[in-house]
Each structure stands twice: as structure tokens, then as C-alpha cells.
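Visitor: Hello! Could you walk me through some of the strands in this model?
Guide: Gladly, let's take a look together.

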Amino acid sequence: MPHSQNSAPRDGFPKVRLARGSSPWLLPTVATAAVSLARARRSRSAAVIAGPATALAAGMLWFFRDPEREIAEGRVISPADGVVQSIMPWKDGRTRVAIFMSPLNVHVNRAPLAGTVTSVEHVPGGFVPAFNKESENNERVVWHFDTELGDIELVQIAGTVARRIIPYLPEGTKVEQGDRIGLIRFGSRVDIYLPEGIEVAVEVGQTTTAGVTRIDRA
């Protein structure tokens, strides 16, 4: 059964919280908006700043939203909100499913299966757009999970703006399917490698929802 923290409330109205790791971006923008709004009536310069500052703060609050989800059933579920960018067979028999996350998507990533985090490795790299082929060499965090299907590799890839990936869990953590595992700030990509013999259920161009969209075919 999925962890209770990931389930939508029973009243049918999903709660939305702010993502862990968002405060370095949120606090300055919200504070600037609040101060400029408070001073707008007495200061012309504050009035000029108030509009853009409030819009930026609202945008940040929207970007860093972290809604509760009713976790779907299935062997492998999507780790990310976004669009399937590519599905590629790998030399070792696995299949890589790459999910591109635009700045409009929720950027909190979730565990695709229940299991144990066996490694979390930060790999330095560049910051080209995540939809670019050269993003293969971008900054990334490589996860490995010990699951009922064996080792599952998941890679969080930074984009041209998303220059910070924030893992939530250390090595050795036991996770339930759909648990939150980390945050990528702004546009980015998440790759999941399905073991040999697992048929992919999604298609290129398909929209995915973390914790909800099933990646494998029954």
C-alpha cells in the first residue's frame, strides 16, 4: 500500500503544499512582494515594484507547488510530471524512458516502485536545455533502488535554468511507491531505466503525472 503522506484527502479536494527545498527562492520573492505592497501607497518606486514582484511571487508559489496524489496501482509508475521525450532500448537490455519537465510542471519527483535506496550519486556537468541531446552531459543525480524487479536506475537531470537538484532521501532509505524523493528546480528531465523484459506502456509525446501514470504494461 502506498504511504499515507502521498494520498489525496478523502473529501475529494487534494491538498497542495510547498516543495521542500523551495525556501531559498520563495522567501526573497514573497518578502519583496509583501514589502513593496505595504509601501506602495506612500512610495512611487514601491508601487512600480509591487506589480512585478507580486506576479513573480505568485509564479514561484505555483512552480513550487507539491500536491498530494492518490498513488496509482501498477508495477512501475511515473517518477515525474511532464511529457515523454524519448523511449530508447539500452545496450544492456534495459529501456530508458525520458520525461521532460517544463517550468509549468510540478517538479517534485517520486519513487517509481517500493524498495530501498541503494545509492544516490551527484554527477557534475553542464546546464544545456534538458530537451537538447547534449543534456546527456548535464548536472545530474543518479538513483538506484533495490526493488521486486531488481535494480531500478532513475536519473534527475538539470536543465539550463534548473541548476540545483535536491535529493530528499539518503542511501539506505526504504521507500513506498510514490514517495517523494527529490526536487529539481525549473525546467529539467527525469530518466527511468526499465529492466529487460518490462514492456513500456507510454508513448513519446504522452503526458505523465508523477505517482499516477503507469509506465509499464501489465
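**Strands and their partners**

Visitor: In what order do the strands of the open sheet of 3 strands stand?
Guide: Keep in mind that this is a predicted model. In this open sheet, the pairing is antiparallel. From one strand to the next, the twist averages 25°. The order is S5-S11-S9.

Visitor: Which strands stand at the edges of that sheet?
Guide: Look for strands that have a single partner strand, so that one side is left without a neighbour in the sheet. Two strands fit this description: S5 (108-110) and S9 (165-167).

Visitor: Which residue in S11 stands opposite Asn-109?
Guide: S5 pairs with S11 (residues 180-184) in the antiparallel sense, over 3 bridges. Strands of a sheet pair through backbone hydrogen bonds. Opposite Asn-109 stands Gly-182.

Visitor: Why is strand S7 largely enclosed by the rest of the structure?
Guide: A residue counts as buried when its relative accessible area is under 20%. S7 covers residues 140-147, and the strand is largely enclosed because the number of its 8 residues that are buried is 6.

Visitor: What is the bridge partner of Thr-116 in S7?
Guide: Strand S6 (residues 115-123) runs antiparallel to S7, and 7 bridges pair them. In S7, the partner of Thr-116 is Asp-146.

Visitor: How many residues lie between S7 and S8 in their hairpin?
Guide: S7 and S8 (residues 150-158) are antiparallel and joined by 8 bridges. Arg-140, for example, stands opposite Ile-157 in S8. Between the two strands of the hairpin, the number of residues is 2.

Terms used. Residues are numbered from 1 along each chain as its sequence is written. This is a predicted model: local features need pLDDT of at least 70, side-chain atom pairs count only at pLDDT 80 or more; totals for chains, interfaces and linings use all residues. Side-chain values use heavy atoms; hydrogens and water are left out. Two strands pair if DSSP finds at least two bridges between them. Helices (H or I, at least four residues) and strands (E, at least two) are DSSP runs, numbered from the N terminus. Axes are lines fitted to C-alpha atoms, for helices over the stretch in contact, and angles run from 0 to 180 degrees between N-to-C directions. Buried means under 20% relative accessible area, exposed over 50%, partly exposed in between (1.4 Å probe, protein chains only).
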